[in-house]
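Got your viewer open? Let's take a short walk through this model, one selection at a time.

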Amino acid sequence: MKKLFTGLVIVLGALVVLVLVAAFALNLVARNALNKPYDVAAGAVSVPASDEAVARGEHFARAISGCAECHGPDLGGTVFIDAQPIGRVIASNLTAGAGGVGARYSDEDWVRAIRHGVRPDGSPLLPMMPSTQFSHLSDEDLGAIIAFVKSVPPVDSVLPDGGLSFTGQIIMGVLGAGDLPVAQIDHTAARPASMAPAVSAEYGEYLSWAGVCRDCHGNDLAGYQIDPSAPYAPNLTPGGELGNWSADDFIKLMRTGVGPDNVPISTAMPYEFFGNMTDDELNALWLFLQSVPAQASTGG
């Protein structure tokens, strides 16, 4: 009996050692992936200084692309996540104030961050930064967004240091390595010089990329759950509830957070933010969603 017990202890001890070795090996791989430098050319993007361009950039930042949603209304930054198993993720202070990146970012740095998902040192931004979808922005709209960000008054906001936990590094650098924006983006793809606003499905598709719809609703827009603790983002194709909606129903939900059944939607959907889109933009988005192939809902 004593020999059996001793043998079990040895086996269990060996298993613990193997698990620890594997965990530290995975963490090493993760840290290498998260710190790997990428040599990405920013490309030629003009950053205008006109009031019209700045206003358009502000509209994108506050109504479509979510800049103010994550980085704060004044773009002074926020603590985006501070919980296990991820750790602390900071949405940077984008201004030129104390603690901000605005004073040291060049126009090329902004382009690489927004369109290509890399920091000035070439290291990859985490998936919380939706550069995969922002990579579809036209040169004109990207330039306008940068112009707006640069025009924002400096905000002195020194946020705590961010840092992924041991498990967070493994989740982001190994399990989610393929989700890093820099790994998903075609960095040499041609981008449109401009996209003329129109009440059309084509422009609605463009807005669906700029508005990061797929981050929550899935690549095919058929519904998705980011993680087990998150609410299910519903199917936006005609195969879901929207197949029985009207344009007015959709716009009402985007403006008020209440669908045609008069039931409030999840607070995870920032309708207060998207409700700042114009009627033409919302109608274009509606036309696009009605044009995509109907998909069966994948959950929820």
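Start where two parts of the protein meet. Across the interface of domain 1 and domain 2, seven residue pairs turn up in polar contact, with both partners at pLDDT 80 or more. That confidence filter matters here, as you're looking at a predicted model. And how many salt bridges are found across the interface of domain 1 and domain 2? The rule finds zero.

Now color the two parts. Select 51-183 for domain 1 and 201-291 for domain 2, the ranges given by the domain assignment. Their C-alpha centres sit 23 Å apart. For the contact itself, pick 19 residues from domain 1 and 18 residues from domain 2.

Next, turn on a surface if you like. The size of an interface is often given as the accessible area lost when the parts come together. Between domain 1 and domain 2, about 1400 Å² is buried, and carbon and sulfur atoms give 56% of that.

Which residues of domain 1 lose the most area to domain 2? Show Ile64, Gln133 and His136 as sticks: together they make up 44% of what the domain 1 side buries.

Stay on the domain 1 side and switch to cartoon. Helix H2 (51-64), helix H3 (67-71) and helix H5 (131-134) are the elements that each give two or more residues to the side touching domain 2. Click on H2 in particular: with seven residues, H2 gives the most to that side.

Last stop: color the domain 1 side that touches domain 2 by residue class. You'll get nine nonpolar, six polar and four charged residues.

Conventions. Residues are numbered from 1 along each chain as its sequence is written. This is a predicted model: local features need pLDDT of at least 70, side-chain atom pairs count only at pLDDT 80 or more; totals for chains, interfaces and linings use all residues. Side-chain values use heavy atoms; hydrogens and water are left out. Domain bounds come from an automatic or database domain assignment. Contact means heavy atoms within 4.5 Å. Buried area is the accessible area (1.4 Å probe) that two parts lose on being put together, summed over both. A salt bridge is a side-chain nitrogen of Lys or Arg within 4 Å of a carboxyl oxygen of Asp or Glu. A polar contact is a pair of N or O atoms within 3.5 Å; within protein, one must be able to donate a hydrogen and the other to accept it, and residues adjacent in sequence count only if both atoms are side-chain atoms. Helices (H or I, at least four residues) and strands (E, at least two) are DSSP runs, numbered from the N terminus. Ala, Val, Leu, Ile, Met, Phe, Trp, Tyr, Cys and Pro count as nonpolar, Asp, Glu, Lys and Arg as charged, and the others, Gly among them, as polar.
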